[in-house]
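This report introduces a protein structure to a reader who has not met it before. It treats charged pairs, helices, cysteines and a surface patch in turn.

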Amino acid sequence: MDGYNGTLLCYGQTGAGKTFTMTGGESYHHRGIIPRAISQVFREVHDRPQYAYTIRISYLEIYNEQMVDLLIPGAQAVDMNVIEDKNGCTVKGLSQHVATSEEDALNLLFEGETNRSIGDHALNRTSSRSHCIFSIHVESKSRVDSSDDVIFSKLNLVDLAGSERLAKTNSTGRTLKEAMFINKSLTFLEQVIIALADKKRDHVPFRQSGNCNTLMIANIWGEAAHLEETISTLRFATRMMCVTNDPVVNVQYDPLYEPFTDSQKSELAKRLKAWLDGNDDEIEIVTLRQVKKS
């Protein structure tokens, strides 16, 4: 809400409860992180009447290495590309829908959930067969000071598809193909995390998106039969703990009020000191922002 990007992701084997953690069960008591985050965002909007907020929602699915917009009727794979600009990494072609209330945002979540790709195998009858990213885009501007800049950010809530050993899931046909793509993408993710945690690495094989507070939830299946997968998940979590990010506030400057240069700041300070010492009768105040900088 203060302009910092955030990402929360669930990682673990198939059937360990990642989707339940993110979206929850059928009852309100068992709601997951996404509906709870939506509720908290709109509670913050209500508690900050001095700011005008615009909340937008997007829901992206990555299925068999194809990107699908879950909020477009029919949810078919369309031509979308990951691009990088001054505002970070974005998906070109992914729709964003304005949500004016918690109810609007929850309806978009439920709409996207009905379009997700799921499958049935030995470990999970309703296994998620894709990676999904539910994003809450926040834009705010002060109602008090018209010269204030626009602050924007996004919260990515990520439900990764589960890693799985094919011998355990008895996958065949389409499910086998899905599992191969899932395991391949998770291997790439692990390579990125290893590279990020290694301070001696000059090259990291991913787009520069380190401007983000990141939290990972490790989902494990606490039974002896899944000990190998549990150890693998915890090793990955250990590597993730070694990754450091340095997020900054995302600011979009109003073109009418460009940032003050060092010389302008210095001149303002001199004028203010002269006025306080009684050597200057009047300071011309153009904007409230000028007073703040002084």
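## Salt bridges

The count of salt bridges comes to 6. The structure is a predicted model, and every value below is computed from it. Three of the pairs are set out in the table.

| Pair | Closest N to O distance |
|---|---|
| Arg 48 and Glu 44 | 3.1 Å |
| Arg 116 and Asp 159 | 3.0 Å |
| Asp 277 and Lys 273 | 2.9 Å |

The pair formed by Arg 116 and Asp 159 links distant parts of the chain, its two members being 43 residues apart. Arg 116 lies in the loop between α3 (102-114) and β7 (118-121), while Asp 159 belongs to strand β10 (residues 150-159). Both Arg 116 and Asp 159 are buried.

How do the members of the other two pairs stand with respect to the surface? Arg 48 has a relative accessibility of 19% and therefore counts as buried, because the limit for that class is under 20%. Its partner in the salt bridge, Glu 44, is partly exposed at 26%. These two residues are also joined with Asp 2 in a network of salt bridges. In the remaining pair of the table, Asp 277 is partly exposed, with a relative accessibility of 46%. Lys 273, at 54%, is exposed, since that class begins over 50%.

## Helices α3 and α6

Helix α3 consists of 13 residues and spans 19 Å from its first C-alpha to its last, close to the expected 18 Å. Its buried residues are Ala 105, Leu 106, Leu 108, Leu 109 and Gly 112. Because these residues cover an arc of only 155° around the axis, they lie on the same side of α3. The face turned away from that buried side carries Glu 103 and Thr 114, which are exposed.

Helix α6, covering residues 227-241, has 15 residues. From first to last C-alpha it reaches 21 Å, close to the 21 Å expected at 1.5 Å a residue. Which residues of α6 are buried? They are Glu 229, Thr 230, Thr 233, Phe 236, Ala 237 and Met 240. Viewed down the helix axis, the buried residues of α6 fall within an arc of 125°, so they line one face of the helix. Leu 227 and Arg 235 are exposed on the other side of α6.

## Cysteines

How many disulfides does a search of the whole structure find? The result is 0. Two cysteines may be described individually. Cys 10 counts as buried, its relative accessibility being 0%. Cys 132 is likewise buried, with a value of 1%.

## A nonpolar surface patch

Tyr 4, Val 249 and Val 251 make a nonpolar patch on the surface, with an area of about 220 Å². One of its members, Val 249, is placed in the loop between α6 and β12 (251-252). Val 249 has a relative accessibility of 32% and so counts as partly exposed.

## Summary

Within this predicted model, the salt bridge between Arg 116 and Asp 159 connects residues that are both buried. In α3 the buried residues share the same side, and in α6 they line one face. No disulfides are found, and the nonpolar patch includes Val 249.

Technical notes
Residues are numbered from 1 along each chain as its sequence is written. This is a predicted model: local features need pLDDT of at least 70, side-chain atom pairs count only at pLDDT 80 or more; totals for chains, interfaces and linings use all residues. Side-chain values use heavy atoms; hydrogens and water are left out. Helices (H or I, at least four residues) and strands (E, at least two) are DSSP runs, numbered from the N terminus. The expected span of a helix is 1.5 Å times one less than its number of residues. Buried means under 20% relative accessible area, exposed over 50%, partly exposed in between (1.4 Å probe, protein chains only). The arc is that of the directions from the helix axis to the C-beta atoms. A disulfide is a pair of cysteine sulfur atoms within 2.5 Å. Patches are made of residues with over 30% relative accessible area and no salt bridge: like charges are joined within 9 Å, nonpolar side chains (Val, Leu, Ile, Met, Phe, Trp, Tyr) within 5 Å. Accessible areas come from the Shrake-Rupley method with a 1.4 Å probe; for residues, only the protein chains shown count as cover. A salt bridge is a side-chain nitrogen of Lys or Arg within 4 Å of a carboxyl oxygen of Asp or Glu.
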